[in-house]
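Trainee: I am new to this structure. Please show it to me, and let me ask how its labels are earned.

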Amino acid sequence: MPTYLPQWNAQFLDLMQIKKDKHGMPWGHPGVMQWVSENGGRFANWDRSFNPNSMMEEDLASAIDIGVVTQIHEYFRIYLSWAVEAADRALRDVRFTIDPESDGEEHDIELKKRGWCNEGVYPGNHGSTLAGGCFAWALRDNNELDTTSLLLAADEIAESAMHGGLKFWDYVAQSEYLRSVRLSLIAGDVEKAASFFKNCRRKFKFTYVHEQWLKRLIEDIQAAGDAPLSGDAEQHFQNFFDQVRDPDAKLASNQSDGTDLFANISILRLELAIIKQRYVLKQPIAGNWKSILCLISE
């Protein structure tokens with residue numbers, strides 16, 4: 001098993017430098033902190049947000065990328081606190097009750113324009129926000145995951161992924177559906193994870209490789225029961241995890257060979273680390289988030 005800790009350390013040190021990108025904007029963690037401070041705080045433009053989960057996932061990803069190296073740095077705590085607040089704000093926001101395409105007049109026109117219940121996007125956007133919130137809350141508290149909420153998130157993400165029929169069954173929709181399978185595994189519900197495949201008659205043309213990887217993983221987990229995974233099963237899991245936890249890894253898109261996968265790669269790494277903790281190492285989640293993050297960089 002390769003170790004990626006030197007590469008993660010190098011990336012962390014690079015992102016701790018004060019730099020600017022090609023547009024002259026602050027870049028790296030100090031640059032982000034400076035920009036946020038000079039522009040009214042992280043949530044200064046919250047009311048203009050059209051994508052409730054994007055800010056939360058961005059901050060959670062930054063926390064993960066730092067956390068695989070150190071969990072005591074102030075930037076880790078800041079990004080994680082932003083992710084928690086973004087999830088909390090979004091999940092209680094009235095815009096998750098507003099369909100901007102509806103004919104109702106119960107909301108003013110400006111608020112209605114910013115509603116988040118768009119057909120085909122909702123409830124998947126709510127599910128993605130809820131899933132990210134579950135990770136952020138558990139990381140903050142070094143506690144167990146809210147598995148009930150994770151299973152709800154899985155259902156919501158799958159519902160939106162299936163929306164619109166085969167016309168919209170592209171690599172993004174397929175990847176989102178497969179995320180519902182991963183979230184079910186993370187929540188400890190292997191039967192539910194398997195049922196997502198049993199209940200879906202569509203082909204995973206674009207994401208065939210990840211679909212087959214997940215199906216094999218589910219079969220291996222079911223076959224093992226309470227016993228450890230077999231050596232072959234553990235290696236099957238680790239082969240893909242090693243590809244993804246490389247800090248230089250990129251997910252494929254528009255390859256037409258079944259290798260496509262759409263995801264926030266930092267959050268995908270965390271999802272796989274939790275799956276390893278639960279099914280390969282068979283260790284508890286609560287109290288072990290430092291170890292879980294270190295599985296990414298070990």
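Mentor: We will go through the labels and set values against definitions.

Mentor: This is a predicted model, in which local features need pLDDT of at least 70, side-chain atom pairs count only at pLDDT 80 or more, and totals for chains, interfaces and linings use all residues. Residues are numbered from 1 along each chain as its sequence is written, and side-chain values use heavy atoms, with hydrogens and water left out.

Trainee: Why are α6 and α7 called roughly antiparallel?

Mentor: Helix α6 covers residues 124-141 and helix α7 residues 147-162. Helices here are DSSP runs (H or I, at least four residues), numbered from the N terminus. The two pack at an angle of about 150°, with axes 7 Å apart. Axes are lines fitted to C-alpha atoms over the stretch in contact, and angles run from 0 to 180 degrees between N-to-C directions. Under 35 degrees counts as roughly parallel, over 145 as roughly antiparallel, 65 to 115 as roughly perpendicular, and the rest as oblique. Therefore α6 and α7 are roughly antiparallel.

Trainee: Which residues of α6 and α7 meet?

Mentor: From α6, they include Leu130, Ala131, Cys134 and Phe135. From α7, they include Leu152, Ala153, Glu156 and Ile157. Contact means heavy atoms within 4.5 Å. The residues of this contact divide into 8 nonpolar, 6 polar and 1 charged. Ala, Val, Leu, Ile, Met, Phe, Trp, Tyr, Cys and Pro count as nonpolar, Asp, Glu, Lys and Arg as charged, and the others, Gly among them, as polar.

Trainee: What makes α8 oblique to α12?

Mentor: The axes of α8 (residues 171-186) and α12 come within 9 Å and cross at roughly 40°. That angle falls in none of the other classes, so α8 is oblique to α12. Their contact includes Leu183 and Ile186 of α8, and Leu268 and Ile275 of α12. It divides into 9 nonpolar, no polar and 4 charged residues.

Trainee: How do you know that Gln238 is buried?

Mentor: Gln238 has a relative accessible area of 6%. Buried means under 20%, exposed over 50%, and partly exposed in between (1.4 Å probe, protein chains only). So Gln238 is buried. Its place is in helix α11, residues 231-245.

Trainee: What makes the link between Gln238 and Lys276 a polar contact?

Mentor: The side chains of Gln238 and Lys276 are joined at 2.9 Å. A polar contact is a pair of N or O atoms within 3.5 Å; within protein, one must be able to donate a hydrogen and the other to accept it, and residues adjacent in sequence count only if both atoms are side-chain atoms.

Trainee: Is Asn142 buried, partly exposed or exposed? And Asn254?

Mentor: Asn142 has a relative accessible area of 36%, so it is partly exposed. Asn254 has 62%, so it is exposed. Asn142 lies in the loop between α6 and α7. Asn254 is in the loop between α11 and α12.

Trainee: What is the phi of Asn142? And of Asn254?

Mentor: Asn142 has a positive phi of about 50°. For Asn254 the positive phi is about 55°. Neither Asn142 nor Asn254 is a glycine. Most residues other than glycine have a negative phi, and most peptide bonds are trans.

Trainee: Which peptide bond is cis?

Mentor: The bond from Tyr122 to Pro123, with omega near 10°. Pro123 sits in the loop between α5 and α6.
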